[in-house]
Amino acid sequence: MKRIKLNNTIVLILSVCIVLYLTACGEAKVPDTQVLEETEDLVVVGFSQVGAESDWRNANTQSMKDTFTRENGYELIFSDAQQKQSNQITTIRTFIQREVDYIVLAPVTEDGWDTVLSEAKEADIPVIVVDRQVNVSDDSLFDCWVGSNFRLEGEKVGEWLHRYFVQNEIDEAGVNIVNIKGTLGASSQIGRSGGLSISARKYNWNLLAEAEGEYTQARAREVMTNLLNKYDNINVVYCENDNEAFGVIEAIESAGLKIGPDIADGQIMIVSFDGVSEQAIELAKEGKISCIAECNPLHGPRVRKIIESLEKGVRPEKFEYVDESIYSSIDSIREIQVDEKAYPITILK
């Protein structure tokens, strides 16, 4: 149930006092009591976002802002953590002090949340985790999580690569892959890197190197430039988001090398994750990104549905995974299988 907040009560009392005073002075202006009543009824949501490091993150933020509007009955208090967990912990404590109705957390990393989430639990404020997960000693410290199955995303891309190599009669033992990781310790990084490791062991690929790209274009360009200076036999670059892929493309083209799926002819293949921006989709259509595993950022309506359930006293599922597709302009692969389940490929034209 929504708690009545002291600050709103004080605002109402002060407003009445001011009106009485102004009336006595002949300067009365009737306040918009409807606005006061609506403010009292708003569900206050505090949202701590990782930052704005990628197109995916910006789309995720916009989805929350579009959903939790006053017109929809909400007041959204938004905070950008600028990729720092310490900022998020401070923000959550501020939310607790302000007695918000719900805390929504998109965590920077998985670990380090027990203390502050315990404080939220003691304050009886439900916590909804989105996108990346939290690793806590007591899973009652958050009410539910909604997001993507990042390991499955990685395994999907791995299976797509395997199908491509088989179809084109490429010796998988001779495939050399570098992984541009995301932010270390983030659920997406752990899952996608894990998915690649599973496929590399399974199909005997050579994982030449792994480097942290921080999910940003600039950092990925820098680390890819260094990798190209170190290795002259890279066949595939596994980018853990699209913004990293943009930076990798810049580095490869600056080095005068060719990008594309024809690794037998010396091209360097790029695979990626997210599929949010038009730029990524266009690059996939051009063949510069051979495959993209979708990561759906539109969590706002999903979180609203969870809050509506909690408002009614209905407990949602603890973990809610989002269904996602795979994109490619290579139409010879129409479907892949992971753990005996089939996943269709969305062919881009």
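Which face of strand β13 (residues 335-338) is covered, and which is uncovered? Select those residues in this predicted model and colour them by side chain: Ile336 and Val338 make up the covered face, while Glu335 and Gln337 lie on the uncovered one. In a regular strand the side chains alternate between the two faces of the sheet.

Keep β13 in view and add strand β14 (residues 341-344), which runs antiparallel to β13 and is joined to it by four bridges. To follow one of these pairings, pick Glu335, whose bridge partner in β14 is Pro344. The two strands form a hairpin with two residues between them, and in that turn Asp339 has a positive phi of about 55°.

Next, move to strand β6 (residues 176-181), where six of the six residues are buried, so that the strand is largely enclosed by the rest of the structure. Asn176, Val178 and Ile180 point one way from β6, whereas Ile177, Asn179 and Lys181 point the other way, and the residues of both sets are buried. Adding strand β7 (residues 206-212) to the selection brings in a parallel neighbour, joined to β6 by six bridges; among the paired residues, Lys181 has Glu212 of β7 as its bridge partner.

The tour now turns to helix pairs. Two packed helices are described by the angle between their axes and the distance between the axes.

Select helix α4 (residues 85-97) together with helix α5 (residues 114-122): their axes lie 10 Å apart, and the packing angle is about 10°. Because angles under 35 degrees count as roughly parallel, α4 is described as roughly parallel to α5. To display the contact, show Ile89, Ile92, Arg93 and Ile96 on α4, and Thr115, Val116, Leu117, Glu119 and Ala120 on α5. Sorted by class, this contact of α4 with α5 holds six nonpolar residues, one polar residue and two charged ones.

For the last stop, select helix α8 (residues 217-230) and helix α9 (residues 242-254), whose axes come within 7 Å and cross at roughly 40°. The two helices are therefore oblique to each other, and the crossing in which α8 passes α9 is right-handed. On the α8 side, the residues to show are Gln217, Ala220, Arg221, Met224, Thr225 and Leu228, which meet Asn243, Glu244, Phe246, Gly247, Val248, Glu250, Ala251 and Ile252 in α9. By class, the contact of α8 with α9 comprises seven nonpolar, four polar and three charged residues.

Methods: Residues are numbered from 1 along each chain as its sequence is written. This is a predicted model: local features need pLDDT of at least 70, side-chain atom pairs count only at pLDDT 80 or more; totals for chains, interfaces and linings use all residues. Side-chain values use heavy atoms; hydrogens and water are left out. Axes are lines fitted to C-alpha atoms, for helices over the stretch in contact, and angles run from 0 to 180 degrees between N-to-C directions. Angles under 35 degrees count as roughly parallel, over 145 as roughly antiparallel, 65 to 115 as roughly perpendicular and the rest as oblique. Contact means heavy atoms within 4.5 Å. Ala, Val, Leu, Ile, Met, Phe, Trp, Tyr, Cys and Pro count as nonpolar, Asp, Glu, Lys and Arg as charged, and the others, Gly among them, as polar. A crossing is left-handed if the near helix is turned anticlockwise from the far one by less than a right angle, and right-handed if clockwise. Buried means under 20% relative accessible area, exposed over 50%, partly exposed in between (1.4 Å probe, protein chains only). Two strands pair if DSSP finds at least two bridges between them.
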